[in-house]
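Visitor: I'd like a close look at one part of this protein, the nonpolar interior, along with whatever sits around it. Could you walk me through it?

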Amino acid sequence: MARPLVFSMGGHSLNAAPLAICALLVFALPLSAREEGVHVAEGFASLNAQDFEGAVAAFQGAFDEGDADGAFYLGRMLELGLGGGANLTAAVGLYRAASDLGSTAAMNRLGVLHILGHGVLQDYAEGARLVCASAEKGDANGAFNCGTVLREGLGLGKDEVRAYEWFGKAAEQGHVAAMNAHAAGLIEGKYLPKDIPAAMALLERSAARGDAAGLFALGQMQATGLAGDPDLIEAHKNFNLAAALGHRQAAGERAKLEAGMSAEDIALAQERARGWRPIDSSNETISEEK
């Protein structure tokens, strides 16, 4: 079965909201020196309040003062249709402007669009160039995506060793999908030295943040005893959580475990699942599956 490709969006996660408040989107060129982060933070505060006009004004203010990420977030609002109709063509124009001015988030997003062929020509070489340029400048999403194109050979020669190096760098920055990918490499031991304890630690970090794939993989390790003695109760708990979060295989694995568990152990596993809470992941990057 082909491995599904996962690419990371870049920047904070912007989710489409149910209200559609018309906003006047005025796109000016940056005029002065960058004021780091102030207007962008104001923009996200406005988005959280579903004040789309306020968000546009704040992101525009950031762009006007030289913060290229202001243009990136204006583009994301246009791409998602926040505050009006979605307009991917206009969003791409803003991503290009922001990328040219050094926004790593915009480089990454534009690269992903080229890889997917959404709103721009599908161009693996250009997509790989952009996401890896973002990675080189320290962007965690870019690092994950650069690892992905190297692992798959999209636009660059296939180089799994370098791919897992980028996954490791992204994981160090708190990128959840990269934690899972790097853990898989440590378990396989083909392109990285095999290190089961290190893989377990990465999956525990991913799972603790509420990532369904991390929870599922951690459950697999616990069910099989890959990192020690099998722990069916913890495995059941993690499969249960992964299933609740939409992982397609988790319910089946949970059912397989129950065949060898007592009613008391199942009840305990379910109790643990009810009491589980993810840690605060507000500073983590968010991955977007395509």
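Guide: Start with the largest nonpolar core, which has 47 residues; F144 and V149 are the members that touch the most others in it. There is also a second, separate core, this one of 27 residues, and V56, F59, A62 and A71 are among them. Keep in mind throughout that you're looking at a predicted model.

That second core is a good way into helix α2, since V56, F59 and A62 turn up again among the buried residues of α2. The helix runs over residues 52–64, and its 13 residues should span 18 Å at 1.5 Å a residue; the end C-alpha atoms are indeed 18 Å apart, so the two figures agree. Most of α2 is covered, with 10 of its 13 residues buried. Besides the three just named, the buried set takes in F52, G54, A55, A58, Q60, G61 and F63. And what does the covering? Helices α1 (38–48), α3 (68–80) and α4 (88–100) are among the elements that do it. Just past the end of α2, have a look at G66, where phi is positive, at about 100°.

Now move along the chain to H182, which belongs to helix α9, residues 176–188. With a relative accessible area of 15%, H182 falls under the 20% cut-off and therefore counts as buried. If you skip the neighbours within four places in sequence, H182 is in contact with Y164, F167, G168, L192 and L202. One of those, G168, also has its backbone nitrogen 3.5 Å from a polar atom of the H182 side chain.

On to the charged residues. Side chains of opposite charge can pair when their charged atoms come close, and this structure holds seven salt bridges. In one of them, the side chains of R129 and E126 meet at 2.8 Å, N to O. Both sit in helix α6 (residues 124–136), and because they are three residues apart, about one helical turn separates them. Neither end of this pair is buried: R129 is partly exposed at a relative accessible area of 48%, and E126 is partly exposed too, at 24%.

The K237 and E234 pair has a similar layout along its helix. These two are also three residues apart, about one turn, this time in helix α12 (residues 232–244). Their closest N and O atoms are 2.9 Å apart in a salt bridge, and here K237 and E234 are both buried. Elsewhere, R76, E79 and R109 are joined into one network by salt bridges that share partners.

R151 and E152 make another salt bridge, with the closest N and O atoms 3.1 Å apart. This pair is mixed in its cover: R151 is buried at a relative accessible area of 12%, whereas E152 is partly exposed at 22%.

To set all this in the whole protein: the secondary structure comes to 14 helices and two strands. Of the 290 residues, 47% are buried. The protein exposes about 13600 Å², and 53% of that comes from carbon and sulfur atoms. As for how the chain meets itself, 59% of the contacts with a separation of 6 or more are between residues 24 or more positions apart.

Methods:
Residues numbered from 1 in each chain as written. Predicted model: local features only at pLDDT ≥ 70, side-chain atom pairs only at ≥ 80, totals over all residues. Heavy atoms only, no water. Helix = DSSP H or I, 4+ residues; strand = E, 2+ residues; numbered from the N terminus. Buried < 20%, exposed > 50% of the residue type's maximum accessible area, 1.4 Å probe, protein only. Contact = heavy atoms within 4.5 Å. Areas by Shrake-Rupley, 256 points an atom, 1.4 Å probe, with all protein chains shown as cover. Expected span 1.5 Å × (residues − 1). Polar contact = N/O pair within 3.5 Å; in protein donor to acceptor, adjacent residues only side chain to side chain. Core = buried A, V, L, I, M, F, W, Y, C linked by side-chain atoms within 4.5 Å. Salt bridge = Lys/Arg side-chain N within 4 Å of Asp/Glu carboxyl O.
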